[in-house]
Amino acid sequence: MKKMSALSDRALDWNDPEGVHDMRVASRRLRSALGDFKPYLRKGSIPAGRLRAIAKSLGAVRDEDVILLALAELESKAGEKVGQGIKAIAEEHDRQRQQARAILEHTIRPSAIAELRDDFRAALRTAAKTPSDPPEEKGAGRVLTFFQVGTKVIGDRLEQLSEAGGAVYRPLQTKQLHKLRILAKKLRYAIELFAPCWGDEFKKAAEEIAHFQTSLGELHDCDVWIVNLGARLRKDALAAGAGLESWQNNESIVWLLHHFVRERTRHYCDSLSRWHKWQTEGFLDRLRTMLDADFTLAPPTSLNQPGSKGGSAPLLSPEPPFSTGKKSA
């Protein structure tokens, strides 16, 4: 909460769009941590509604920032006629960004952030359950260590991701792929949060999961573009009296649609290759093994596979099979 609050001034500096991005990431990590600890907090003890409102406002501005950056780059690559249509679309999104910024300015105004931070601190002091609380479930009232909570949280996140992984083999199931991306992000955040209990090997696992999350995130962005561009074309097709200007706009939309369909295929192949690599090299299984190790009795099991002559192989092979050769952002 302290980190997120400290970024509010930067988020309102329109000269640096990364300020909005950084505060949005901080708000996501905060909400993810609250989700991890939810079973160990009293119900309704944390002001989650205001946190969701902040995340939504930050997301609205960030989405438009990303769209405008992408359109500016694509306009420079397109021909003159197509570029004019892309510029018109960018102007529309710039107006939407101005509206989103006005809402964000109100949502994270200094007085609102200060009030939320004070309320959050006060709630946090009494949010944790204690052994004297009436147990809501078996074992709910006992005192747990950070390591024990981390083992449970990461284990649950890992199981959720494993169960949802089959979505990778259904390239047209956009909702399931988006859900898989969210599960990967939650697992990564949980691993990073509890990494001090396991050390550097867990940090490497988080980095690997981040690559998978990035590919799925880029894929989802393409899906959003494809849906919105298709809707624009259908709307124009139904409009009466479409003239030359409409035809030029449609040409630009078709050009953009072609681009994002091609990009989606690339990001899908990256996601598929990485998941296949995980399956064939046992990445998730080794993560489970390390998670189950009792660090109080013996060093955690390494995620590295046993190598020849007493050595150890890398966490995973340098490149996934069938890789395009491009690195994740």
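Biologist: How do you know that the span of helix α3, residues 18–37, agrees with its 20 residues?

Modeller: This is a predicted model, and we can check the helix by simple arithmetic. At 1.5 Å a residue, the 20 residues of α3 should span 28 Å, and its end C-alpha atoms lie 29 Å apart, so the two values agree.

Biologist: Nice! Which residues of α3 are called buried, and why?

Modeller: The buried ones are Gly-19, Val-20, Met-23, Arg-24, Ala-26, Ser-27, Leu-30, Ser-32, Leu-34 and Asp-36. They get that name because buried means under 20% relative accessible area. Across the chain, 41% of the 329 residues count as buried.

Biologist: What makes α4 roughly antiparallel to α5?

Modeller: Look at the angle. Helix α4 (residues 48–77) packs against helix α5 (residues 80–107) at about 160°, and their axes are 9 Å apart. Angles over 145 degrees count as roughly antiparallel, which means that α4 and α5 earn that description. As for handedness, α4 passes α5 in a left-handed crossing.

Biologist: What is the pattern of the chain, read along the sequence?

Modeller: Happily, this one is easy to read: α-α-α-α-α-α-α-α-α-α-α. The chain has 11 helices and 0 strands.

Biologist: How many of the contacts between residues at least 6 apart in sequence join residues at least 24 apart?

Modeller: In this chain, 76% of them do. A contact here needs heavy atoms within 4.5 Å.

Biologist: And what supplies the exposed surface?

Modeller: The chain exposes about 18300 Å², with carbon and sulfur atoms supplying 55% of that area.

Definitions and conventions. Residues numbered from 1 in each chain as written. Predicted model: local features only at pLDDT ≥ 70, side-chain atom pairs only at ≥ 80, totals over all residues. Heavy atoms only, no water. Helix = DSSP H or I, 4+ residues; strand = E, 2+ residues; numbered from the N terminus. Expected span 1.5 Å × (residues − 1). Buried < 20%, exposed > 50% of the residue type's maximum accessible area, 1.4 Å probe, protein only. Areas by Shrake-Rupley, 256 points an atom, 1.4 Å probe, with all protein chains shown as cover. Axes fitted to C-alpha atoms, helices over the stretch in contact; angles between N-to-C directions. Parallel < 35°, antiparallel > 145°, perpendicular 65-115°, else oblique. Left-handed = near helix turned anticlockwise from the far one by under 90°.
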